[in-house]
Amino acid sequence: MDKENTAVKESRPEWVDQELRNVIYQGNVIKDYKIARDGLCISYRVSDKGKPLEWAGSGPKGQKYPGVTLMLPDIDTIFVDREVKNYNPNNKMVKRTIKIHTMVADTWGESMDCPEDLAPYWSTLSTEIKDILRTYFSVDHIDDDRLNNHVDNLRFVSPRDNHFKR
């Protein structure tokens with residue numbers, strides 16, 4: 001295992017009474033998994049007691065983000081093409097590695113900051129409109145530390161602002 005993957009794996013938070021919510025991915029609740037505000041992801045697929053999932057590096061070399069591998073249900077809004085790699089037609093599940101910061105934002109995002117340009121209007125928007133708008137944003141690590149996936153360190157930014165960081 002390379003140094004970057006080791007750092008990702010070792011940065012996973014410990015499981016110590018964090019509040020957990022069902023993982024939300026692409027607008028769908030994934031019932032067999034829960035995630036904490038700090039990115040700790042727990043699987044309930046095999047045991048009612050839950051098992052913390054190991055973090056692994058996801059992305060190109062030098063740009064690894066922590067991710068976990070989940071077995072996701074065959075939901076049309078997630079998987080349009082049934083020929084997708086790792087799709088199991090027997091149980092209608094697909095194996096996917098999802099970046100932690102994306103799951104934290106999707107699950108806990110109501111407490112995250114919106115892009116600066118929308119700040120004056122944000123409080124006037126309905127929850128439904130906010131949820132729709134968030135799909136057009138990128139998730140940014142405020143302190144630029146990809147290993148710090150706590151919701152308090154994440155914010156929604158425009159793709160342009162994410163590309164041209166301050």
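The following passage describes the nonpolar core, a sheet and a surface patch of a predicted model. Local features were required to have pLDDT of at least 70 and side-chain atom pairs pLDDT 80 or more, whereas totals for chains, interfaces and linings use all residues. Residues are numbered from 1 along each chain as its sequence is written, and side-chain values use heavy atoms, with hydrogens and water left out.

The largest nonpolar core (buried Ala, Val, Leu, Ile, Met, Phe, Trp, Tyr and Cys residues joined through side-chain atoms within 4.5 Å; buried, under 20% relative accessible area with a 1.4 Å probe, protein chains only) holds 28 residues, of which Val 68, Leu 70 and Met 103 touch the most other members. Two or more residues each are given to this core by strands 1 (20-25), 2 (28-36), 6 (65-73), 8 (93-99) and 10 (154-157) and by helix 2 (100-108). Helices (H or I, at least four residues) and strands (E, at least two) are DSSP runs numbered from the N terminus. Helix 2 supplies the largest share of the core, five residues. Contacts of Val 68 (heavy atoms within 4.5 Å), not counting residues up to four places away in sequence, include Leu 53, Trp 55, Ile 98, Ile 100 and Met 103.

Four strands form an open sheet in the order 5-6-8-7 with antiparallel pairing, where pairing requires at least two DSSP bridges between two strands. Strand 5 (56-58) and strand 7 (87-88) are the edge strands, each pairing on one side only. Strands 6 and 8 run antiparallel and are joined by seven bridges; Met 71 stands opposite Lys 95 of strand 8.

Ile 132 is located in helix 4 (residues 127-134).

Note on methods
Buried means under 20% relative accessible area, exposed over 50%, partly exposed in between (1.4 Å probe, protein chains only).
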